[in-house]
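I opened this entry to look up the pockets. I wanted their volumes, their linings and the elements that supply them.

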Amino acid sequence: MDSLCVTLKPNTHLRKPTQGGLCNGANGFLGERMRESFSNRVWENRVSKALRTEKSVNKARPGVVRSVLTSKDLEEAMTLKVQTYHRRRVDPKNVASIILGGGAGTQLFPLTSRAATPAVPVGGCYRLIDIPMSNCINSNINKIFVLTQFNSASLNRHIARTYFGHGINFGDGFVEVLAATQTPGEAGMNWFQGTADAVRQFVWVFEDAKNSNVENILILSGDHLYRMDYMDFVQSHVDSNADITLSCAAVGDSRASDYGLVKIDSRGRIIQFAEKPRGANLRAMQADTTLLGLSPQDALKSPYVASMGVYVFKTEILLELLKTRYPTSNDFGSEIIPAAVKERNVQAYIFRDYWEDIGRIKSFYDANLALTEEFPKFQFYDPKTPFFTSPRFLPPTKIDKCRVVDAIISHGCFLQECLVQRSIVGERSRLNYGVELKDTIMMGADSYQTEPEIAALLARGKVPIGIGRNTKIRKCVIDKNAKIGKDVMIMNKDGVQEADRPEEGFYIREGIVIVVEKATIEDGKVI
């Protein structure tokens with residue numbers, strides 16, 4: 001609830017605010033010019049009457065500040081009270097979220113060769129899908145849809161194990177997986193053609209009676225790392241009476257062309273949108289990001305405003321855009337949003353906390369290893385807004401005469417006289433005597449091998465799951481259930497940037513060696 005009480009003194013003059021600050025303007029109060037003394041009851045009655053009219057009162061908007069200049073004559077004074085303004089608080093029960101399960105995941109390949117992008121492990125024991133799911137739960141949004149298509153088996157399994165029960169209470173809400181499917185008719189024979197088409201194929205869900213109270217719909221990506229209260233985002237959307245609101249963040253030159261970039265006017269409205277521009281088109285999207293609260297130094301480093309791929313739509317607007325206005329547009333970022341900017345009220349919500357798009361190998365690698373820093377920019381440890389994941393009921397990790405420096409060690413691991421430095425070790429990992437793991441992400445295993453099973457494999461010259469004795473690994477991502485033998489060297493000493501060696505069990509992307517899921521690297525191998 002917002003209210004305003006104004007005290008005016010004799011010979012009051014008002015200054016009008018402008019974008020650059022206060023400047024001289026027409027004298028007046030709520031549209032009434034002030035020339036007489038307050039002792040003149042005609043003026044007082046006229047102002048009082050104006051305050052009661054809807055037309056005049058609407059000019060006193062919450063958040064608008066005017067300066068009042070007065071004389072030193074205190075003989076006369078007058079107090080006028082403006083009517084109370086009510087700010088409508090958004091009810092989370094009237095909000096639904098759609099988490100996009102991702103496309104083919106080509107930019108995270110080979111980590112997505114057998115898993116959807118949101119199912120890729122992150123931070124040792126989490127999956128990428130846990131980020132938007134946990135943000136929804138912590139924001140009290142309990143109507144959650146997950147759209148899946150490519151390699152969705154592991155993603156569906158993780159959602160079922162994590163969010164159906166296990167102490168997470170959705171009350172009258174739900175988590176519903178909407179898998180790509182074919183339906184009768186020519187259009188129904190196509191799989192999802194893009195993000196917008198994926199939502200379009202399930203618009204009937206939001207027209208269902210049980211979802212009739214859903215006023216706003218969140219569209220979320222499944223490959224970002226951030227912590228966000230979505231209800232603050234939706235509240236901003238409602239307060240500005242926007243048709244669509246985009247969550248935006250300042251970004252630097254190096255990755256600006258990977259995002260949709262926006263320009264914003266003084267009222268927060270998006271007036272220009274360019275999807276992944278390059279060259280001159282990229283430079284044309286530069287903006288003064290000090291207006292977003294950045295220091296001059298940070299503004300020089302981050303001169304662009306990028307869409308985070310996190311949107312909120314009025315429900316009726318979303319359905320209208322997908323069904324009637326742009327029925328053949330398949331993607332939000334490259335088609336729906338740029339077109340809507342020209343004809344709808346599309347607002348920007350500036351997100352100033354940590355956010356990273358980790359849908360590429362290099363950004364995924366860097367964001368994970370940044371978690372090992374002493375004071376990381378992002379961390380999963382927050383008792384008020386925890387991140388949820390599947391309860392695996394694993395025993396504590398056992399560490400025997402090891403040296404661990406700036407590392408994250410997950411549950412159920414066995415480390416024996418090894419060195420782990422600036423690395424993440426996933427659950428159920430085994431590191432044997434003499435292993436050195438530096439600048440590496442090891443995703444762990446889905447099951448244990450018993451000591452007799454390991455001994456039997458070694459006796460037959462086979463390689464068990466984990467890392468064998470005296471193996472040295474640098475700057476590497478080791479996918480799940482990989483088997484790396486003894487005396488192996490994974491260093492990429494030649495600095496190869498790109499290489500495909502699927503028959504040997506690894507790829508190189510942007511200088512990072514990636515050992516693929518269930519690969520076997522034989523004893524003595526040098527990469």
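The notes below take the two pockets in turn, and the model they rest on is predicted.

**Largest pocket**

I looked up the volume first and got about 1,100 Å³ for the largest pocket. I then listed its lining, which comes to 44 residues. Nearest the centre of this pocket lie Thr 195, Ser 221, Asp 223, Lys 276 and Asp 331.

Next I asked which elements each supply at least two residues of this lining. They are strands E9 (143–148), E15 (270–275), E16 (304–314) and E18 (355–357), together with helices H5 (195–200) and H12 (332–343). I noted E16 as the element that gives the most, with four residues.

I also sorted the lining of the largest pocket by residue class: 21 are polar, 14 nonpolar and nine charged.

**Second largest pocket**

For the second largest pocket I read a volume of about 930 Å³. I counted 33 residues lining this pocket, and Ala 250, Tyr 354, Trp 355, Glu 356 and Lys 377 are the closest to its centre.

Which elements give two or more residues here? I found strand E13 (244–251), helix H8 (253–256), helix H10 (296–301), E18 and helix H13 (361–370). H13 gives the most to this lining, with five residues.

By class, I recorded 15 nonpolar, 14 charged and four polar residues in the lining of the second largest pocket.

**Cross-check**

I went back to E18. This strand supplies at least two residues to the lining of the largest pocket, and E18 also gives two or more to the lining of the second largest pocket.

Technical notes. Residues are numbered from 1 along each chain as its sequence is written. This is a predicted model: local features need pLDDT of at least 70, side-chain atom pairs count only at pLDDT 80 or more; totals for chains, interfaces and linings use all residues. Side-chain values use heavy atoms; hydrogens and water are left out. On a 1 Å grid over the protein atoms alone, a cavity is a set of points where a 1.4 Å probe fits but cannot get out, and a pocket is an open set with protein on both sides within 12 Å along at least five of seven lines; lining residues have an atom within 4 Å of a point. Grid points are joined across faces, edges and corners, and a volume is the space filled by probe spheres set on the points. Ala, Val, Leu, Ile, Met, Phe, Trp, Tyr, Cys and Pro count as nonpolar, Asp, Glu, Lys and Arg as charged, and the others, Gly among them, as polar.
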